[in-house]
Amino acid sequence: MFESIGARVIVCEKFGTLTCLHTHTLAIEYTRLVVAAREGYNDTVPLRFDLFTLFPDICAAYLGESILKRAQESGLVSVRIHNLRDYAADKHHITDDLPYGGGGGMVMKPEPIFAAVESVLTADDRPPTAVEGQLSAVPIILLTPQGRPFTQAIAHELAQHDRLALICGRYEGFDERVRLRLATDEISIGDYVITGGELAALVVVDAVTRLRPGALGDPSGALDDSHASGLLEYPHYTRPPEFRGWAVPDVLLSGDHARIARWRREESLRRTFHRRPDLLLKLELSEEDRLFLAEVAEEAAENLRSQISNS
Ligand code: ADE
């Protein structure tokens, strides 16, 4: 699919010819295209997020900084924030009401949410995948503590889409008809309750954006992230080589890339064994990994035995 024709030009069947002035930029662009093709992402249009919320400023603040800001500026993603209050038809723009059957708290009314999502997803500037009258072509995701637990695998799944709608709840939650008749998915960011869905939606936007090829300055960054390979990430060190008498592991200063790679793999395995052994059960491990983990397990058993005998 890709053909390199000299240091500064790449020909790619799908994306046409790219010319870059700077070789480093070219390398990043090349990696971005390779990753996009491999992962099946549509790299030709920005992934569009539509966030529906009662608190647009909370979302705007986070989206206006760092990687998410740059990803929007460089056209990898676009994020539109819609204030649900603007879609409430009454003169006071009321978006919540008392629960039928009594009980404490308020419930988010269905009308403003349906009106907002329907109007935004059928607007003219939709991407070609959202077919007329078929809102379900775009995943409509409710952020709620009752949703499926968000994982890196779900982030990958969502990154395949051209467009995602995220609806942030507040108060006691949504009128059930939003759940039953509008949403196509529900996501929770963990087994705890936070004040509203905004933080959860931002977590999803962030994790999905990081996966868009080119979002991270260093294209290999997302590959090393914890959970990307199914393992937790290895420890990082930077200068100085010694701080308060605590030295950086010698291997990292050795310049021997093969040894460094093996050390990182082992530290990832060790950390995952100690902190998230459940993750190891889901992985296909090499014989070398298994032997190393057997040593780590033996060390752990030995430590436990000595703690018990000293107690
Ligand atoms: N809203 C409140 N708590 C939440 C959670 N844990 N995940 C997603 N949305 C939420």
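**Close-up views of the ligand site and the sheet beside it**

**View 1. Backbone atoms of the protein meet the ligand's nitrogen atoms.** In this predicted model, a polar backbone atom of Thr-144 sits 3.3 Å from a nitrogen atom of the ligand. Look next at Tyr-192, where a polar backbone atom is 2.8 Å from a ligand nitrogen atom. For Ile-189, a backbone N or O atom lies 3.0 Å from a nitrogen atom of the ligand. The protein buries 96% of the 260 Å² that the ligand exposes when taken alone.

**View 2. Residues around the ligand.** Here you can find Leu-143, Thr-144 and Pro-145, together with Ile-187, Ser-188, Ile-189 and Gly-190. Tyr-192, Val-193, Ile-194, Gly-196 and Ala-200 also belong to the ligand's surroundings.

**View 3. An open sheet of 5 strands with parallel pairing.** Follow the strands in the order 5-4-9-8-10. Strand 5 (77-83) and strand 10 (185-188) form the edges, each pairing on one side only. From one strand to the next, the twist averages 35 degrees.

**View 4. Strand 8 and strand 10 run in the parallel sense.** Strand 8 (residues 140-149) pairs with strand 10 over 5 bridges. To spot one of them, start at Leu-142 and find its bridge partner, Glu-186, in strand 10.

**View 5. Helix 5 and helix 7 pack on the sheet.** Helix 5 (residues 152-159) touches strand 8, strand 9 (163-168) and strand 10, and its direction makes about 170 degrees with that of strand 8. Helix 7 (residues 198-211) touches strand 4 (47-53), strand 5, strand 8, strand 9 and strand 10. The direction of helix 7 makes about 175 degrees with that of strand 4.

Technical notes:
Residues are numbered from 1 along each chain as its sequence is written. This is a predicted model: local features need pLDDT of at least 70, side-chain atom pairs count only at pLDDT 80 or more; totals for chains, interfaces and linings use all residues. Side-chain values use heavy atoms; hydrogens and water are left out. Two strands pair if DSSP finds at least two bridges between them. Helices (H or I, at least four residues) and strands (E, at least two) are DSSP runs, numbered from the N terminus. Axes are lines fitted to C-alpha atoms, for helices over the stretch in contact, and angles run from 0 to 180 degrees between N-to-C directions. Contact means heavy atoms within 4.5 Å. A residue is near a molecule or strand if one of its heavy atoms lies within 4 Å of it. A polar contact is a pair of N or O atoms within 3.5 Å; within protein, one must be able to donate a hydrogen and the other to accept it, and residues adjacent in sequence count only if both atoms are side-chain atoms. Accessible areas come from the Shrake-Rupley method with a 1.4 Å probe; for residues, only the protein chains shown count as cover.
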